[in-house]
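Grab a pencil and work through these exercises with the viewer open. Each one sets a task and then walks through a solution.

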Amino acid sequence: NSLTRLSSIYEAYSTDFSSNRNVEVISCDNLSCHYDLFSASRNGKITENPYLRPNDTINFLRSGRVVNIEGDVERPGQYELLDGENLSDLIESYAHGLLSTADISRIEVTKQIDKNFKSGKKVYLDKIDNTYILDSYDSVYIPSFSSLKPVMFIEGAVKAESDSDLQTSNRITF
């Protein structure tokens, strides 16, 4: 069908390992073009989602760095980052920014330690670092301020529930 867009074929035939950022179309006259279907759908770049012609060959190339972001962001999910993109790009461009309750002083990055997707060490960041490079299958979590439990201390000559007298100073946590 000459009115079929590349995205239709991608949705029907791609696998979990197929890149939506680098799909190759080879025309019948052997001209090769690469398309970014993520950019087509997210940014409305229709030129990245061409109509296919009879006898076109489509190559779904293997995805590159795939990372996951969860927590207090506008668009949590799994994204394929391009070369040179970092934590800041993931949050601002892909996840579409932070929610108003996001606590960027407690960012958690879980690193993958082997090819079986076993999670490894956690890295804690206290800011959005625009030089922090993410590896494939890293997972980022942006916590919320609301997850912190409010604490109140009462100190001094106060009576704790277990004490019957006020001979020492106490600190009560609520």
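## Getting your bearings

Of the 174 residues in the chain, 34% are buried, where buried means under 20% relative accessible area, exposed over 50%, and partly exposed in between (1.4 Å probe, protein chains only). This is a predicted model, in which local features need pLDDT of at least 70, side-chain atom pairs count only at pLDDT 80 or more, and totals for chains, interfaces and linings use all residues. Residues are numbered from 1 along each chain as its sequence is written, and side-chain values use heavy atoms, with hydrogens and water left out.

## Exercise 1: the overall layout

Work out how many helices and strands the chain has, and where the confidence is lowest.

Step 1. Count the elements: the chain has 3 helices and 10 strands. Helices (H or I, at least four residues) and strands (E, at least two) are DSSP runs, numbered from the N terminus.

Step 2. Read along the sequence, and you get α-β-β-α-β-β-β-α-β-β-β-β-β.

Step 3. Check the confidence. The mean pLDDT (the predictor's confidence in each residue, from 0 to 100) is 87 for the chain, and 84% of its residues reach 70 or more. Strand β10 (residues 170-173) has the lowest confidence, with a mean of 60, while β2 has the highest, at 97. Where pLDDT is low, don't read the predicted coordinates in detail.

## Exercise 2: the open sheet

Find the order of the strands in the open sheet of 3 strands, and say which helix packs on that sheet.

Step 1. Pairing first: two strands pair if DSSP finds at least two bridges between them. The order comes out as β2-β1-β3, with antiparallel pairing.

Step 2. Look at the edges. β2 and β3 (57-62) each have a single partner strand, so one side of each has no neighbour in the sheet. From one strand to the next, the twist averages 25°.

Step 3. Zoom in on β1 and β2: 4 bridges join these antiparallel strands. Val25 sits opposite Cys33 in β2.

Step 4. Add the helix. Helix α1 (residues 6-13) packs on the sheet and touches β1, β2 and β3; contact means heavy atoms within 4.5 Å. The direction of α1 makes about 120° with that of β1. For such angles, axes are lines fitted to C-alpha atoms, for helices over the stretch in contact, and angles run from 0 to 180 degrees between N-to-C directions.

## Exercise 3: strand β8 and Val140

Decide which side chains of β8 are buried, then list what Val140 touches.

Step 1. Go along the strand. Val140 and Ile142 point to one face and are buried, whereas Ser139 and Tyr141 point to the other and are not.

Step 2. Find the partners. β8 pairs with strand β4 (residues 65-71) in the parallel sense over 4 bridges, and Gly71 stands opposite Ile142. Strand β6 (residues 107-112) is joined to β8 by 3 bridges and runs antiparallel to it; here Val109 is the bridge partner of Val140.

Step 3. Now Val140 itself. Its relative accessible area is 0%, so Val140 counts as buried. Leaving out residues up to four places away in sequence, Val140 touches Asn68, Ile69, Glu70, Leu87, Leu90, Ile107, Glu108, Val109 and Leu134.

Step 4. Follow two of those contacts, Leu87 and Leu90, to helix α3 (residues 87-94), where the buried residues are Leu87, Ser88, Leu90, Ile91 and Tyr94.

## Exercise 4: a serine and two odd phi angles

Say whether Ser144 is buried or exposed, and which side chains it contacts.

Step 1. Ser144 is in the loop between β8 and β9 (153-156). Its relative accessibility is 8%, so Ser144 counts as buried.

Step 2. Look for polar contacts: pairs of N or O atoms within 3.5 Å; within protein, one must be able to donate a hydrogen and the other to accept it, and residues adjacent in sequence count only if both atoms are side-chain atoms. The Ser144 side chain makes one with that of Asp72 at 3.3 Å and another with that of Ser146 at 2.7 Å.

Now place Asn30 and Tyr137, non-glycine residues with a positive phi.

Step 1. Asn30, with phi about 65°, lies in the loop between β1 (18-26) and β2 (32-35). At 64% relative accessibility, Asn30 is exposed.

Step 2. Tyr137, with phi about 70°, lies in the loop between β7 (119-125) and β8 (139-142). At 28%, Tyr137 is partly exposed.
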